[in-house]
Amino acid sequence: MSMRKRLSGHGRALALSGAGVLVAAGLVAIPVTAAQAATQCSVDYTTNDWAGGFTANVTIRNLGDAVSSWNLGFTFPNSSQRVQQGWSAKWSQTGQNVTATNESYNGSIGSGGSVSIGFNGAWSGSNPKPTSFTLNGVTCNGSTPTTPPTTPPPTTPPPTTPPPTTPPGEKVDNPYLNAKGYVNPEWKAKAESVAGGNRVSNNPTAVWIDRIAAINGTPDSSSNGAMGVRAHLDEALKQGAKYIQFVVYNLPGRDCAALASNGELGPNDLPRYKAEYIDPIAAIQGDAKYASLRIINIIEIDSLPNLVTNTSGQPGGTAMCDTVKANGAYVNGVGYALAKLGALGNVYNYIDAAHHGWIGWDSNFGPTADQLKAAAVASGSTVNNVHGFIVNTANYSALREPYVKITDNVNGTSVRQSKWIDWNFYTDELSFAQAFRTKLVSVGFNSNIGMLIDTSRNGWGGTARPTGPGALTSVDTYVNGGRVDRRIHAGNWCNQSGAGLGERPKAAPESGIDAYVWVKPPGESDGSSKEIPNNEGKGFDRMCDPTYTGNARNGNSMSGALPDAPISGAWFSAQFAQLMQNAYPAL
């Protein structure tokens, strides 16, 4: 038995810097004279190296007058060093000489300001850092003024901007505990555009990075925000937040069992996923500027469990799921993301682990744990790169079912035989998350892993919420009358009618649970209720159509979706109003 699917997100960044372990760094601030005009600068150059390749991150600091455009130059010491793919600048190389010219959006650098750029490169033999940089033709690092100073130099060197320190390698056990969460100002503004939204708009929600463009931001998008990864991190620092949450969501052949959230990358695009998606994210998150932040990454929603439940031979199995299982795109993509991001001392990775209505059956439960372990040790990763797991991401399964226990019997018949439970071993997310955590430890994950539960839309309050058990006429009347999850079928996932906000974000609420979180920003659509042409890679899935009569994965039931929904990730004000109306606990 299997069921499931999901949504989209948003993001944006102006530039990239910092990456992985800082194995090389150079930072020198050299005062200049009038002969060098008013350009004064320092350059911070760091790399994250591996055999034959590296990611370089370059931060240019303007110590002189403001500039409206810039051109950075440097020379590789080794003739084998090459720029292969860069970002946040126009990169070119002639021989060992490299030039980076500003993009249209980052040409202006005010006095005291900085801009960060980066590139992926190749090398052989050795990868020494450049020793001299020029900005608009004026030397920044590794030289002295061309005109002697008019006053004697001080006996000690003038203070310079200190090099960034490597992010601390010691992670806390629970990054949510005693920590203020980041409030996304883009989501906050949307929430407050709906009457009563200010009651919940200061809750932390996750930032979804659901395509390459979202890393730098998509101001003209209907489903992503103008802010990007760096912009959100900078805003988190301004807020004094201690943690910030990102959803890393762009695997090759993404969400292979559904349509509304299929991604931009084809099933064979693993090299692009690594170089154009994960590497730039790691470069930004690895910037030492953000070392004080606990950066929490939710890794690839709707991915690994699909390899267990939605391949050939399973109800609703798809050719795309067969393909990404055979070519290793999901396993190797997740492994690479874990290794790259997990190397950062202040980054915490939580892998998506589906929900009880997807893998709560024994036939799925153990195999999914094994599949998660296989990905955690792929592409150079280890289980130490996994801080925990998240369940119910962007889903609607109730946190607790107070009136229906899996051990209940009605007239001698187990509730597991009811149509709703359908032989599942779990009725709610809390019991499932705690049990699955135990299973994950048993297959080799660290014993201190923590679980997250997305409670953004699983409150199921309002007038339809039961106040006691159902009638004892049969197991079906008992379960249907007493269950707080009011969906038509537990396999329904898109813009569910009657849903409400769940528990507000909270750290360490139960044993083994690191936090209740709002990873799915309430009010963002799961998918359009009819086909809407767009250039954002958002398809149309009939499970979002309120007239759809279902498929094998939802027991051929009605979809239960709200009408008039926009594409996945876009703002759906009617849904947000409903979520507030049906919130449990009530607002």
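In this predicted model, the pLDDT stays under 50 over residues 1–37, a stretch for which the model nevertheless has 219 contacts beyond four places in sequence. A second stretch of this kind covers residues 142–169, where the pLDDT is below 50 and where the model shows 30 contacts beyond near neighbours in sequence. Taken over the protein, the pLDDT averages 87, and 88% of the residues score at least 70.

**The sheet and its helices**

An open sheet of 8 strands can be followed in the order β11-β12-β13-β14-β15-β18-β20-β19, and its pairing is mixed. The edges are formed by β11 (207–209) and β19 (506–510), each of which has a single partner strand, so that one side of each is left without a neighbour in the sheet. On average, and with direction ignored, neighbouring strands of this sheet are turned by 30° against each other.

Within the sheet, strand β18 (residues 450–454) and strand β20 (residues 513–517) run parallel and are joined by 4 bridges. Along this pairing, L452 stands opposite A515 in β20.

Two helices may be described by the strands that they touch. Helix α4 packs on the sheet and touches β11, β12 (243–248), β13 and β14 (347–352), with a direction that makes about 180° with that of β12. Helix α10 (residues 429–442) also packs on the sheet, where it touches β15 (388–391), β18, β19 and β20, and its direction makes about 150° with that of β18.

**Charged pairs**

Side chains of opposite charge can pair when their charged atoms come close. The structure holds 13 salt bridges, and the table gives some of them with the distance between the closest N and O atoms.

| Salt bridge | Closest N and O atoms |
|---|---|
| K90 with E103 | 3.3 Å |
| K188 with E192 | 2.9 Å |
| K289 with D234 | 3.0 Å |

What does the salt bridge between K90 and E103 tie together? K90 forms a salt bridge with E103. K90 lies in strand β6 (residues 90–94), while E103 lies in the loop between β7 (97–101) and β8 (114–122), so the pair ties together parts that are 13 residues apart in sequence. K90 counts as partly exposed at 45% relative accessibility, and E103 is partly exposed as well, with a relative accessible area of 21%.

The pair of K188 and E192 has another setting, since both residues belong to helix α1 (residues 185–192), where they are 4 residues apart and thus separated by about one helical turn. K188 counts as partly exposed at 22% relative accessibility, and E192 counts as partly exposed at 38%.

K289 forms a salt bridge with D234. This pair links distant parts of the chain, with K289 in the loop between α4 (270–285) and β13 (294–299) and D234 in helix α3 (residues 229–239), 55 residues apart. Helix α4, which leads into that loop, is the helix described above as touching β13, among other strands. K289 counts as partly exposed at 46% relative accessibility, and D234 counts as partly exposed at 22%.

Beyond these pairs, R457, K520 and D526 are linked in a network of salt bridges.

**Aromatic pairs**

A pair of aromatic rings is described by the distance of the centres and the angle of the planes. The count comes to 19 aromatic pairs. One of them is formed by F76 and F119, which meet edge-to-face at 6.2 Å centre to centre, with 65° between the planes. The pair links distant parts of the chain, since F76 sits in the loop between β4 (71–75) and β5 (82–87) and F119 in strand β8, 43 residues apart. Are these two rings buried or exposed? F76 is buried, and F119 is buried too. Both residues also belong to one aromatic cluster, which is formed by Y45, F54, F74, F76, W91, F119 and F133.

A further edge-to-face pair is made by F389 and F445, at 4.9 Å centre to centre and with 85° between the planes. F389 lies in strand β15 and F445 in the loop between α10 and β18, so the pair ties together parts that are 56 residues apart in sequence. F389 and F445 are both buried. This pair brings the description back to the sheet, because β15 and β18 are among the strands that helix α10 touches.

Definitions and conventions: Residues are numbered from 1 along each chain as its sequence is written. This is a predicted model: local features need pLDDT of at least 70, side-chain atom pairs count only at pLDDT 80 or more; totals for chains, interfaces and linings use all residues. Side-chain values use heavy atoms; hydrogens and water are left out. A salt bridge is a side-chain nitrogen of Lys or Arg within 4 Å of a carboxyl oxygen of Asp or Glu. Buried means under 20% relative accessible area, exposed over 50%, partly exposed in between (1.4 Å probe, protein chains only). Two strands pair if DSSP finds at least two bridges between them. Axes are lines fitted to C-alpha atoms, for helices over the stretch in contact, and angles run from 0 to 180 degrees between N-to-C directions. Contact means heavy atoms within 4.5 Å. pLDDT is the predictor's confidence in each residue, from 0 to 100. Rings of Phe, Tyr and Trp (its six-membered ring) pair if their centres lie within 6.5 Å; planes under 30 degrees apart count as stacked, over 60 as edge-to-face and the rest as tilted.
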